[in-house]
Amino acid sequence: MTLRFADSLSTDGRFGGKAAGLAQLVALGARVPPFFAVEATTQLPDAWSEEERREFLRRAAGILSRGRAAVRSSAVGEDGHARSFAGLFETVLGVTDAEGALAAAARCIASGSGVRATSYDGANGAIPVGLVCQLQIEARTAGVCFTRDPSGRDGAIVIEAVSGLGDRLVSGAADPERWRVYRTGFGGWEARREGASKPTLSTEQAISAAQEAAELAARHGRPLDLEWA
């Protein structure tokens, strides 16, 4: 099998759920950092053909010419309606050179053979893992945004924020500041802050993030869970 590579406009499911989701966001007009995707596979890079490795290194060098990169797993079925695989596959942040990106690719693909991932999937063998190699935003603040409150409490758009990169939030290493943002009856917006002793976002920033997320969800036709920086 010859591995396929795709730019940010491909929603082909063979590149995995994360790549398809990012491509959908690009189509909706979201500001998504540049990336390319590699088809899901169980073959580590040392088993790829020389041509495949060269193509990966060439594309990675293009991303790295703009700054550091994140190499992210993108498994088939990941981030889907039935299963999320949240936290079960590898992501490598702060990649600074193309050879480092290739080593990070190996870690991501190998995570498809991990006990947690295969147990969750009920698979008898390794799960094919695709790759997203993406420009890493050097975030001052990052987090997640739910355009529908996952707790079902009310009609708020819920924003969680931490200082620095969002991996501290996803891993549970940091308790987030939480904002609940509402549309008012007069066509405006209102934001209420919860948690964290020192503000991470201003009221204006929280409202701006909620407005952009709401616009994307309206174009998409259903609620979205978004990472932001």
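Trainee: How much area does the chain expose, in Å²?
Mentor: First, a word on the model: it is predicted, local features need pLDDT of at least 70, side-chain atom pairs count only at pLDDT 80 or more, and totals for chains, interfaces and linings use all residues. Residues are numbered from 1 along each chain as its sequence is written, and side-chain values use heavy atoms, leaving out hydrogens and water. Accessible areas come from the Shrake-Rupley method with a 1.4 Å probe, and for residues only the protein chains shown count as cover. Carbon and sulfur atoms supply 49% of the area that the chain exposes, and that area is about 11,900 Å².

Trainee: What percentage of the 229 residues is buried?
Mentor: We need the cut-offs: buried means under 20% relative accessible area, exposed over 50%, and partly exposed in between, with a 1.4 Å probe and protein chains only. By that rule, the buried share of the 229 residues is 44%.

Trainee: How many helices and strands does the chain have?
Mentor: Both are DSSP runs numbered from the N terminus: helices are H or I with at least four residues, strands are E with at least two. Counting this way gives six helices and 10 strands.

Trainee: Which strands stand at the edges of the open sheet?
Mentor: Two strands pair if DSSP finds at least two bridges between them. Here five strands pair in the antiparallel sense, in the order β9-β8-β7-β6-β10. An edge strand has a single partner, so one of its sides is left without a neighbour in the sheet, and that describes β9 (189-194) and β10 (225-228).

Trainee: Which residue of β8 stands opposite Ile159?
Mentor: Strands of a sheet pair through backbone hydrogen bonds, either parallel or antiparallel. Strand β7 (residues 157-163) and strand β8 (residues 177-183) pair in the antiparallel sense over five bridges. Across from Ile159, you will find Trp179.

Trainee: Which residue's backbone oxygen does the side chain of Trp228 reach at 3.2 Å?
Mentor: Trp228 sits in strand β10. Beyond its neighbours within four places in sequence, the contacts of Trp228 (heavy atoms within 4.5 Å) include Thr141, Cys145, Ile159 and Leu201. At 3.2 Å, the backbone oxygen reached by the Trp228 side chain belongs to Val144.

Trainee: Which residue forms a salt bridge with Asp149?
Mentor: A salt bridge is a side-chain nitrogen of Lys or Arg within 4 Å of a carboxyl oxygen of Asp or Glu, and the whole structure holds 15 of them. In this one, the N to O distance is 2.7 Å, and the partner of Asp149 is Arg180.

Trainee: Why does the pair of Asp149 and Arg180 tie together parts that are apart in sequence, and how many residues apart are they?
Mentor: Asp149 lies in the loop between β6 (141-146) and β7, while Arg180 is in strand β8, so the pair joins those two parts of the chain. Both residues are buried. Along the sequence, the separation is 31 residues.

Trainee: Is Asp154 buried or partly exposed?
Mentor: Asp154 also meets Arg180 in a salt bridge, at 2.6 Å from N to O. Arg180 is buried, with a relative accessible area of 3%. Asp154 has 31% relative accessibility, so it counts as partly exposed.

Trainee: Which residue forms a salt bridge with Arg219?
Mentor: Look in helix α6 (residues 203-220), where Arg219 and its partner are four residues apart, about one helical turn. The closest N and O atoms are 3.8 Å apart, and the partner is Glu215.

Methods: A polar contact is a pair of N or O atoms within 3.5 Å; within protein, one must be able to donate a hydrogen and the other to accept it, and residues adjacent in sequence count only if both atoms are side-chain atoms.
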